[in-house]
Amino acid sequence: MIRSPHTDAEWAAYFYLRYQILRAPWGQPEGSEQTADEAQHLHFAFFNEQNNVMGVGRLDQINAQTAQIRFMAVDAPQQSKGIGKSLIHYMETEAKQKGIQQIILHAREVALPFYQKLGYQLDGPSHLLFDEIQHFLMHKLI
Ligand SMILES: CC(C)(COP(=O)(O)OP(=O)(O)OC[C@H]1O[C@@H](n2cnc3c(N)ncnc32)[C@H](O)[C@@H]1OP(=O)(O)O)[C@@H](O)C(=O)NCCC(=O)NCCS
């Protein structure tokens with residue numbers, strides 16, 4: 001089931017998965033996975049039947065027509081089972097309901113084929129994270 005975390009424990013699990021997958025492998029401290037403005041954005045977690053968080057993603061509305069997907073992460077043993085795809089589809093549906101017409105994102109190079117399969121088009125290289133992870137700007141009209 002995909003929904004926003006509700007309880008303190010669910011929020012902790014949500015941010016911890018983000019930390020574990022997107023920050024810890026690069027030696028970043030816990031807390032570095034969060035931005036100052038988390039409360040302003042929409043958060044989606046994939047819960048398994050035991051109510052464990054298996055995947056996460058954040059949807060930021062940029063303007064009336066555009067939203068950005070950020071902090072996509074699936075628990076390592078659960079990757080390649082369709083969780084990432086269902087999170088993206090869910091966020092696209094939410095975005096559409098808000099009148100959003102375009103989603104943008106900055107993908108890590110390893111994730112490019114994942115987003116391309118889901119219909120995102122490559123615009124070109126964007127920023128370098130931690131001096132080593134090249135990101136690429138992508139977009140999709142929804
Ligand atoms: C990238 C990530 C979010 C994808 O989620 P996932 O649950 O593993 O992916 P899914 O199983 O939903 O994959 C959907 C489709 O994309 C394909 N795919 C996923 N990752 C892929 C990859 N690295 N290379 C090629 N294809 C890939 C799958 O084969 C699948 O294809 P199918 O629909 O034909 O079966 C997840 O693997 C992850 O968290 N990776 C590490 C962190 C990361 O890089 N996050 C993205 C930051 S921009």
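User: How many helices and strands does the secondary structure of the chain come to?

Analyst: Start by counting the elements, then read their order. In this predicted model, the chain has 3 helices and 7 strands. Read from the N terminus, the elements run β-α-β-β-β-α-β-α-β-β.

User: And what does the radius of gyration of the chain say?

Analyst: The idea is to set the value beside the globule rule for a chain of that length. Here the radius of gyration is 14 Å, close to the 14 Å that the rule gives for 142 residues, so the chain is as compact as a globular protein of that length. Along the principal axes, the C-alpha trace spans about 35 × 35 × 30 Å.

User: What share of the residues counts as buried?

Analyst: Of the 142 residues, 24% count as buried. You can also look at contacts across the sequence: among those with a separation of 6 or more, 53% join residues 24 or more positions apart.

User: Let's try one residue. Where is Tyr-120 found, and is Tyr-120 buried or exposed?

Analyst: Place the residue among the elements, then count its neighbours. Tyr-120 sits in the loop between helix 3 (112–117) and strand 6 (121–129). A residue is called buried if 20 or more other C-beta atoms lie within 10 Å of its own. Tyr-120 has 22 such atoms within 10 Å, so Tyr-120 is buried.

User: Which residues does Tyr-120 touch?

Analyst: Leaving out residues up to four places away in sequence, Tyr-120 touches Leu-105, Tyr-115, Met-138, His-139 and Lys-140. As for Ile-142, that residue is 22 residues from Tyr-120 in sequence and 9.9 Å away in space, C-alpha to C-alpha.

Technical notes
Residues are numbered from 1 along each chain as its sequence is written. This is a predicted model: local features need pLDDT of at least 70, side-chain atom pairs count only at pLDDT 80 or more; totals for chains, interfaces and linings use all residues. Helices (H or I, at least four residues) and strands (E, at least two) are DSSP runs, numbered from the N terminus. The radius of gyration is taken over C-alpha atoms; the globule rule is 2.2 Å times the number of residues to the power 0.38. A residue is buried if 20 or more other C-beta atoms lie within 10 Å of its own, exposed if 12 or fewer, and partly exposed in between; C-beta atoms are placed from the backbone. Two residues are in contact if their C-beta atoms, placed from the backbone, lie within 7 Å.
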